[in-house]
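Open your viewer and get ready to select residues one after another. We will walk through some side chains together, stop by stop.

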Amino acid sequence: MSETPTRVHPTPLQSAAQPHDEYLLRRYRVLERRGRGGFGTVCTCWDTRLQRRVAIKRMPLAAETGTTATEALAEARTACMLGHPNIVTVFDFESDGSFAYLVMEYVDGLNLAELLGRVEGGRLTPAECAHVLQSVARALAFAHENRVLHLDIKPTNILIDRQGVVKLADFGMATLASAAGYGGARGGTVGYMPPEQIDGAMVDERTDVFSLAVVVLQALCGTNPFLARSAEDSRRRIEKGPGRLSRLVPDLVPDAEAVLAAELSPSPSLRSADVLDFADDLVPLLGMPSMGAESLRELVAQAEKDDEPGDKVRRPREGAPLRLPEGLVARALTALLAFSALRLVMPAVPLLEGEARSVVVPLACGALSALWPPACAPVLACSLVAALVARGAGAALSSFVACALGGLVLLWWASVGRRERLSSLTLLLPCCLPSPVCGASLAGYALDPAPAAATAAIGYVTGVLYHLAVSVSFEPAALAAGLSALAADPSTWCLLAGSVTCAALSSAVALRGSVASGVVGQVLGLACLGGSVIVAASVENSGIWPALDWSSLVLAILLGVLMCIAIVLRGPLYEDPEGEELDEFSE
């Protein structure tokens, strides 16, 4: 239902058919095409007999299956039986031999997918999610009492009318699709199916509970962590878990996170058998459904006033905390550092001349980084590689190191960096500040232990290579000599180990969830980093009392203090360590 509606404007009481009018079953005049669903086309029609609007889903029938129409009719009868305020009413079922037509109640509003596509951030407030959850849970509970499973709960099947009433649509459509010859349709929709449904195993009420929990999570955080191109890939993501829910939804209280994590479990035995138990546990932790209903009513009204479907509904978020460290400040800082770093690299990149080398391209990259912060990391890596390879033609060592680093950065970005808005800063800070260890504290703040360790390592190596290349003006001979000296210097590896340990330790301790644990993690990580600086200086001075690298030490302390302040402003994480461990390197 994502296609732009094509509107036709016939007169509702018009009796004579016009040449351009399109009819279904010689009775229903097509008013609006809402696009294609998973296995049918949905149209808004005018019932010329009863003079009312209806929604009709038209599904092609499988010609080779003799019992298709009979099975579809039996399922339609089941759907018609479900009369509930939060279930879209099915009025009638017809078949003309080639298509099956399900005539349903017309809901004047938007489906949840359309609404999420229009609100900023693609997310609802907790109170709005509470209203959606409570309404859908009531609909499912009624269906389950009547021994009917939905098996395809997703945002496009959840409708919200102008009064803020939430209705669940397409009951039994998975079975109808199977009868219509769509072999995989009974499996629901990839990204919302639990493992037992993907595997074709026994399904029950807990299958619908899982799908509803995914929809709630998506509405809260603006993304579905289980979406994938294939069912198997989705299943792997489900097995790994959604990760730290409090990072996806910073406003989520710990008890709500625990409830959602349980209902998103890949094991049915860990989920609630009764969907109302799920709603009763989570709704009070999200907010007042009555306030959410009022807010949704305003959102739907505002969204339908927009002329363009892509327009965003902009509204204040009452009670939402101001998260500057991960919002505007992060974008602005990423853009500034991207410009600063690339300004020194671009003059060495071939095919660039004049001010494009030092001004235009860095400014453009800075603007791109402000729009999407993760974009900066691959841009910086590719620019550095291009400069080193072009200026170091014939220098095998520098070219090899540059290409290897570029490959590592791109691999890191594909698996970790593109999902975290602070990721590019972990590579920019070691390049723009005097010490390559400056990204470790930020990596520990923003990422889970394993990704944080990998990010700190990549940032350190990138910073070392960047500073060396800039200091020798990308001259291949001097660069090769510098690389050899760094590789042979034990202090280089001491600082690398300190950066990795700092990031991993600070992130691991923070998994305990409280603000105090986050601050303690940063302090412990800073201690490891400071220890590595001392050991590195001692190695350089052959065991004599070391001449400390005060710039690295002071910068590390300042950044650690800033991270502690950010942790206090962000609030507690309330992490489930076991679930988080499964989410490393997952989307």
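Start by selecting Leu483, which counts as buried at 14% relative accessibility. This is a predicted model, so keep that in mind at every stop. Leu483 has its place in helix α19, which covers residues 476-488. Now add Leu465 to the selection: the two residues are 18 apart along the chain, and their C-alpha atoms are separated by 8.0 Å.

**Aromatic pairs**

Next come the rings. How many aromatic pairs does the structure hold? There are two aromatic pairs to visit. For one of them, select Phe99 and Tyr101, a tilted pair with 6.4 Å centre to centre and 45° between the planes. Try showing the surface here: Phe99 is partly exposed, with a relative accessible area of 26%, whereas Tyr101 is buried at 5%.

Then move to Phe210 and Phe226, which form a stacked pair, 6.0 Å from centre to centre with 20° between the planes. Phe210 belongs to helix α6 (residues 205-221) and Phe226 to the loop between α6 and α7 (231-240), so this pair ties together parts that are 16 residues apart in sequence. Are these two rings buried or exposed? Phe210 is buried, and Phe226 is buried too.

**Arginines over rings**

Stay with rings, but bring in some charge. Select Phe91 together with Arg52: the arginine lies over the face of the ring, at 4.0 Å from the ring centre. Another such place is Tyr106, where Arg53 lies over the face at 5.7 Å from the ring centre.

**Salt bridges**

The count of salt bridges comes to 14. A good one to select is Arg33 with Glu22, whose closest N and O atoms are 2.0 Å apart. This pair links distant parts of the chain, with Arg33 in strand β3 (residues 28-36) and Glu22 in the loop between β1 (6-7) and β2 (23-24), eleven residues apart. Arg33 counts as partly exposed at 32% relative accessibility, and Glu22 is partly exposed with a relative accessible area of 30%.

Now find helix α7 and pick out Asp233 and Arg236, which both lie there, three residues apart, about one turn of the helix. They form a salt bridge in which the closest N and O atoms are 3.8 Å apart. What is the relative accessible area of Asp233? Asp233 has 22% and is partly exposed; its partner Arg236 is partly exposed as well, with 47%.

Salt bridges that share partners also join Arg27, Asp47 and Arg52 into one network, so select these three together. Zoom in on Arg52 and Asp47, which form a salt bridge with their closest N and O atoms 4.0 Å apart. The surroundings of the two partners are worth a look: Arg52 is partly exposed, with a relative accessible area of 31%, while Asp47 counts as buried at 0% relative accessibility.

Before you close the session, keep Arg52 selected and bring Phe91 back into view. Arg52 takes part in the network with Arg27 and Asp47, and Arg52 also lies over the face of Phe91.

Methods
Residues are numbered from 1 along each chain as its sequence is written. This is a predicted model: local features need pLDDT of at least 70, side-chain atom pairs count only at pLDDT 80 or more; totals for chains, interfaces and linings use all residues. Side-chain values use heavy atoms; hydrogens and water are left out. Rings of Phe, Tyr and Trp (its six-membered ring) pair if their centres lie within 6.5 Å; planes under 30 degrees apart count as stacked, over 60 as edge-to-face and the rest as tilted. Buried means under 20% relative accessible area, exposed over 50%, partly exposed in between (1.4 Å probe, protein chains only). Helices (H or I, at least four residues) and strands (E, at least two) are DSSP runs, numbered from the N terminus. A charge sits over a ring if NZ of Lys or CZ of Arg is within 6 Å of the ring centre and within 35 degrees of the ring normal. A salt bridge is a side-chain nitrogen of Lys or Arg within 4 Å of a carboxyl oxygen of Asp or Glu.
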